[in-house]
Amino acid sequence: MTALDLNTLKPMANAVRALAMDAVEQAKSGHPGMPMGMADAATVLWARHLKFDPDHPLWPDRDRFVLSAGHGSMLIYALLHLTGYADVTLDEIRNFRQLGSKTPGHPEFGHTTGVETTTGPLGQGLSTAVGMALAERILNARFGDDLADHRTWVIASDGDLQEGISHEAISLAGHLGLKRLVVLWDDNSIQIDGDTALAETTDVLKRFESAGWATDAVDGHDMEAVDAALERAKSADRPVLIACKTVIGFGAPTKAGKASSHGAPLGGDELAAAKKAIGWEHGAFDVPDTIRADWTAATGRGAQARAEWQTRLETSSRQEEFERAFTARFTAPAATALEAWRKELAAEKPDLASRAASGKVLEQIVPAMRELVGGSADLTGSNNTRTPNQGIIQAGSYSGQYIHYGVREHGMAACANGLSLHGGVRPYIGTFLVFADYCRPAIRLAALMNQPVTYVFTHDSIGLGEDGPTHQPVEHLASLRAMPNVRVFRPADALETAECWEAALTHDTGPAVLALSRQKLPFLRTDDASENLSARGAYVLRDADDAKAVIIATGSETGLAVEAAGLLARKDIPVRIVSAPCLDLFLEEDRAYQDEVLPDGLPRIAVEAGVRQGWDAVIGRDGAFVGMSGFGASAPAEALYEHFGITPKRIAEIVAERV
């Protein structure tokens with residue numbers, strides 16, 4: 001690389017500092033210290049190493065940049081503005097943290113072009129970046145250097161590295177040998193409470209080295225040293241951590257190096273003195289044309305790289321395949337394979353645990369959907385998430401479609417977000433439903449970012465049996481349904497499982513949860529599977545002339561409801577049975593369909609081996625609920641259902657009391 005022109009780069013970095021100070025001051029809210037401290041390192045990265053093109057912000061072979069320290073959002077907004085991203089105008093900088101602006105308090109994916117992932121919850125950005133770096137390696141193995149050859153860069157804070165999720169993500173990245181992942185640690189030794197020594201004595205470099213990373217350490221304000229470290233990182237054979245020793249609030253005369261510059265405006269006098277200290281003689285939000293021109297020139301390298309890549313793509317025999325990987329979600333071959341499988345199920349009517357039925361679905365669609373990449377948190381055999389011929393992704397060999405995540409649910413869920421955000425990969429991951437709690441922060445971000453990650457959560461009720469209440473989810477269905485933009489599926493038999501997989505994979509604007517049973521379920525459907533009945537969320541499974549009540553059930557309890565209907569028929573009490581594999585979808589249907597399935601005037605009884613919360617939207621406050629009101633217990637599944645009163649006999653008794 002050419003020698004650094006510090007006379008050019010220093011003013012470019014100071015422009016970042018000035019915009020950050022001015023925006024936070026005008027908003028009377030924000031975090032000026034981090035952008036002021038990392039402006040030098042970030043300027044070197046963006047001006048000399050990052051591969052990007054503001055005119056084509058979604059170019060697939062661009063480098064990914066993740067500001068994991070999302071509280072320092074003015075750093076990325078200033079960089080996006082100065083490099084010419086159309087979303088971040090000077091007016092948007094002025095409107096920092098205001099309603100409707102493109103510059104919210106933390107960077108939000110899908111809201112501001114150039115922001116690769118939503119960050120804010122510390123540790124999530126860094127962990128998501130691991131998935132992005134892995135996606136690049138997967139696509140490189142599939143398409144080669146001509147089409148997939150880029151890097152993932154992260155700026156992380158002390159807080160990012162303290163969060164527990166970072167340990168899982170760092171360990172996974174080292175194990176997988178993700179050599180195109182580089183993390184710049186803003187090593188400023190300050191957090192909200194004060195010096196990090198109040199809570200932290202870890203030797204961070206040794207920690208990363210023990211996880212299989214290369215490490216480096218530089219003065220974060222020495223732009224030549226930063227440049228050299230970035231150059232070294234690009235030739236490393238493993239992921240790289242660069243500790244950039246910085247001063248938070250760099251330039252502020254009384255607040256530099258102190259927690260007081262972390263999360264509050266500097267104040268007018270301090271701001272003016274800070275600008276004077278760094279030699280910035282311009283007014284608020286004023287960036288001279290010469291400095292703007294230098295930033296514009298810095299984008300030329302990426303524009304040229306994108307043009308060259310575009311030529312390679314257009315002359316490649318695999319252009320159509322590559323573009324489909326980034327645009328298609330549920331491929332035609334996968335749809336055809338799944339349709340054939342549904343018809344086979346309808347003909348053979350097998351009794352299967354829904355986790356086993358899910359595994360059979362994957363056997364049909366994984367070979368037909370190359371973008372589908374799965375994994376499990378050390379529960380592959382229990383989750384049934386790997387097909388017999390599904391190759392393993394591992395260090396140095398990324399051509400497979402399956403990842404062994406180890407016991408790392410937090411990191412796995414964030415990694416899946418990164419795989420999805422990167423594009424070209426459609427992830428699904430597995431663990432027990434009760435451990436959805438470990439995945440929850442990443443699920444919430446997937447929902448917020450409209451990412452179509454599929455979660456295969458098995459052992460979905462007290463029906464898992466002897467492992468006891470620590471492993472028996474009772475509140476998890478309700479808590480996941482409460483999360484906006486998450487579709488929770490709980491299929492009742494093998495055919496519904498196939499239908500729910502199809503509904504999940506055809507949904508492109510949010511995550512889907514498949515809650516699956518450990519125990520075998522009876523086959524309940526009597527139709528020919530020509531229509532995906534689960535796609536509307538709920539449907540009439542069994543009907544009766546002059547029905548006196550409606551029993552609504554999900555998952556393993558649907559079979560119990562059918563048995564209860566038989567008991568009631570002997571008492572001349574005809575009932576309708578409604579299977580509701582996805583309440584979220586049913587509640588999205590129009591009122592006419594909802595009334596067709598659940599007629600007014602009939603008593604409604606819901607049956608689910610979970611808590612009642614969320615069901616009142618379907619059965620009303622006066623509806624009856626057969627389920628759980630507390631935690632489970634350790635015993636065989638049959639004994640537990642009897643103990644907690646979730647039986648055909650009890651369902652029939654409650655219906656009889658209501659009609």
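I started in the middle of a sheet, where Ala-217 stands opposite Ala-243 in strand 7. A word on the ground rules: this is a predicted model, in which local features need pLDDT of at least 70 and side-chain atom pairs count only at pLDDT 80 or more, while totals for chains, interfaces and linings use all residues. Residues are numbered from 1 along each chain as its sequence is written, and side-chain values use heavy atoms, with hydrogens and water left out.

**Entry 1: the parallel sheet**

I looked up what joins strand 6 to strand 7 (residues 240–245), and found 6 bridges, with the two strands running parallel. Strands here are DSSP runs of E with at least two residues, helices are runs of H or I with at least four, and both are numbered from the N terminus. Two strands pair if DSSP finds at least two bridges between them.

I then followed the sheet outwards: it is open, has 5 strands in the order 1-2-3-7-6, and its pairing is parallel. Strand 1 (64–67) and strand 6 (214–219) are the edge strands, each pairing on one side only. On average, neighbouring strands are turned by 15 degrees against each other, direction ignored. Helix 5 packs on this sheet, touching strand 1, strand 2 (152–156) and strand 3 (181–187), and its direction makes about 170 degrees with that of strand 2. For such angles, axes are lines fitted to C-alpha atoms, for helices over the stretch in contact, and the angles run from 0 to 180 degrees between N-to-C directions.

**Entry 2: the cores**

Next I asked which residues have the most contacts inside the largest nonpolar core. They are Trp-46, Phe-65, Met-74, Leu-75, Ile-155, Leu-184 and Ile-242, in a core of 66 residues. Helix 1 (residues 6–27) gives the most to this core, with 12 residues. Apart from it lies another core, of 62 residues, including Ala-243 and Ala-413. A nonpolar core is a set of buried Ala, Val, Leu, Ile, Met, Phe, Trp, Tyr and Cys residues joined through side-chain atoms within 4.5 Å. Buried means under 20% relative accessible area, exposed over 50%, and partly exposed in between (1.4 Å probe, protein chains only).

I picked Ile-155 for a closer look: leaving aside neighbours within four places in sequence, its contacts include Met-34, Phe-65, Leu-75 and Leu-184. Contact means heavy atoms within 4.5 Å.

**Entry 3: cysteines**

How many disulfides did I find? The count comes to 0, a disulfide being a pair of cysteine sulfur atoms within 2.5 Å. The sulfur of Cys-415 is 12 Å from the closest cysteine sulfur, in Cys-439, which is too far for a bond. Cys-415 is buried at 1% relative accessibility, and Cys-244 is buried at 0%.

**Entry 4: aromatic rings**

My search of the whole structure gave 15 aromatic pairs. Rings of Phe, Tyr and Trp (its six-membered ring) pair if their centres lie within 6.5 Å; planes under 30 degrees apart count as stacked, over 60 as edge-to-face and the rest as tilted. Tyr-77 and Phe-96 are edge-to-face, because their ring centres are 6.2 Å apart and their planes stand at 70 degrees. Tyr-77 sits in helix 3 (residues 73–82) and Phe-96 in the loop between helix 4 (90–94) and helix 5 (124–143), 19 residues apart. I also noted one aromatic cluster, formed by Trp-59, Phe-143, Trp-309, Phe-322 and Phe-326.
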